Amino acid sequence: MGPEAKPDRITMTPAARRVLAAAARLFYERGIHAVGVDLIAAEAGVTKKTLYDRFGSKERIVVEYLADRDERWRAVLTRYLDAAPPESPARVLAVFDASIAWSRENGPKGCGMVNAHAEISDASHPAYPLIVGQKKWMLALFTRLVREFAPEEADRLGRALVLLHEGALVAHGLKVFPDPIGSAREQARVLLAGAPRRDAGV
């Protein structure tokens, strides 16, 4: 998610944190449109007035839910990238490793951003730039990681890697076949093995 898509975050009081936690669970499990503010307030143990005082609207809760999920994903991803050797294909594969770990803990129904986009296709919705921006950020990340060791192939491979990664997340959520992210990781490894390197010793 680029700086242009990053929303100003709400200051979280204890009540607001409870609302966000309840909304996050409900939105992910049941879908955004299926969950109303009455249910969120009841699950959070707050009044509707408190909910609106803290967030102003359901749309704002959706934005906070997605922004929080994205921040937590990036924190996991950063740990995996930092542990991988610099300027190497291992950094690309670390993205898939991070996704495997994230999906086991946080994503049994697939990618929260993809799921949200299935319900929010209106570009005027305040969450829309955040959703699209996060996927553009993933494309930029893959492209940058490839550029570290195979600059001539960065744009082509960056796009191919996003297709592998995002397709695997969808297949994971749909439970199409076992371990789709692991399968995508292997396909990425094969793809990267054929890329011309800046340094033949890499």
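This is a tour of the chain in selections, from the whole fold down to single residues.

**Before selecting anything**

The model is predicted, so local features are reported only at pLDDT of at least 70 and side-chain atom pairs only at pLDDT 80 or more, while totals for chains, interfaces and linings use all residues. Residues are numbered from 1 along each chain as its sequence is written, and side-chain values use heavy atoms, with hydrogens and water left out.

**The whole chain**

Show the chain as a cartoon. The secondary structure comes to nine helices and zero strands; helices (H or I, at least four residues) and strands (E, at least two) are DSSP runs, numbered from the N terminus. The C-alpha atoms fill a box of roughly 65 × 35 × 30 Å, taken along the principal axes. Of the 202 residues, 47% are buried, where buried means under 20% relative accessible area, exposed over 50%, and partly exposed in between (1.4 Å probe, protein chains only). Contact means heavy atoms within 4.5 Å. Among contacts with a separation of 6 or more, 69% join residues 24 or more positions apart.

**Helix α2 and Ala44**

Select residues 37-44, which form helix α2, and colour Val37, Ile40, Ala41 and Ala44, which are buried. They lie on the same side of α2, because they cover an arc of only 95° around the axis; the arc is that of the directions from the helix axis to the C-beta atoms. An α-helix has 3.6 residues a turn, so residues three or four places apart point the same way. Now add α1 (14-30), α3 (48-55) and α4 (58-83), against which the buried residues of α2 pack.

Stay on Ala44, in helix α2. Ala44 counts as buried because its relative accessibility is 8%. Leaving out residues up to four places away in sequence, Ala44 touches Arg18, Val19 and Ala22. Measure in the viewer from the C-alpha atom of Ala44 to that of Arg17: the two are 27 residues apart along the chain and separated by 8.7 Å. Step just past the helix to Gly45, which takes a positive phi of about 70°.

**The largest nonpolar core**

A nonpolar core is a set of buried Ala, Val, Leu, Ile, Met, Phe, Trp, Tyr and Cys residues joined through side-chain atoms within 4.5 Å. The largest one has 64 residues, and the members that touch the most others are Phe27, Leu66, Val92 and Val146. Helix α4 gives the most to this core, with 10 residues. In soluble globular proteins, nonpolar side chains tend to be buried together.

Centre on Val92 and show its surroundings. Not counting residues up to four places away in sequence, Val92 touches Phe142, Leu145, Val146, Phe149, Leu161 and Leu192.

**Aromatic pairs**

Rings of Phe, Tyr and Trp (its six-membered ring) pair if their centres lie within 6.5 Å; planes under 30 degrees apart count as stacked, over 60 as edge-to-face and the rest as tilted. By this rule there are three aromatic pairs. Select one of them, Phe96 and Phe142: the pair is tilted, with 5.8 Å centre to centre and 45° between the planes. Phe96 is in helix α5 and Phe142 in helix α7, 46 residues apart. Phe96 is buried, with a relative accessible area of 0%, and Phe142 is buried with a relative accessible area of 0%.

**Asp70**

Go to helix α4 and pick Asp70. At 3% relative accessibility, Asp70 counts as buried. Its side chain makes a polar contact with the side chain of Gln134 (3.3 Å). A polar contact is a pair of N or O atoms within 3.5 Å; within protein, one must be able to donate a hydrogen and the other to accept it, and residues adjacent in sequence count only if both atoms are side-chain atoms.

**Ser88**

Move to the loop between α4 and α5 and select Ser88. Ser88 counts as buried, at 10% relative accessibility. Beyond its neighbours within four places in sequence, Ser88 is in contact with Glu148 and Phe149. The C-alpha atoms of Ser88 and Val146 are separated by 7.9 Å, with their positions 58 residues apart along the chain.

**Helix α8**

Finish on residues 154-174, helix α8. Its buried residues include Leu157, Leu161, His165 and Glu166. What covers the buried residues of α8 includes α5 (89-106), α6 (112-119), α7 (128-147) and α9 (180-193). After α8 comes Lys175, whose phi is positive, near 55°.

Terms used:
The expected span of a helix is 1.5 Å times one less than its number of residues.
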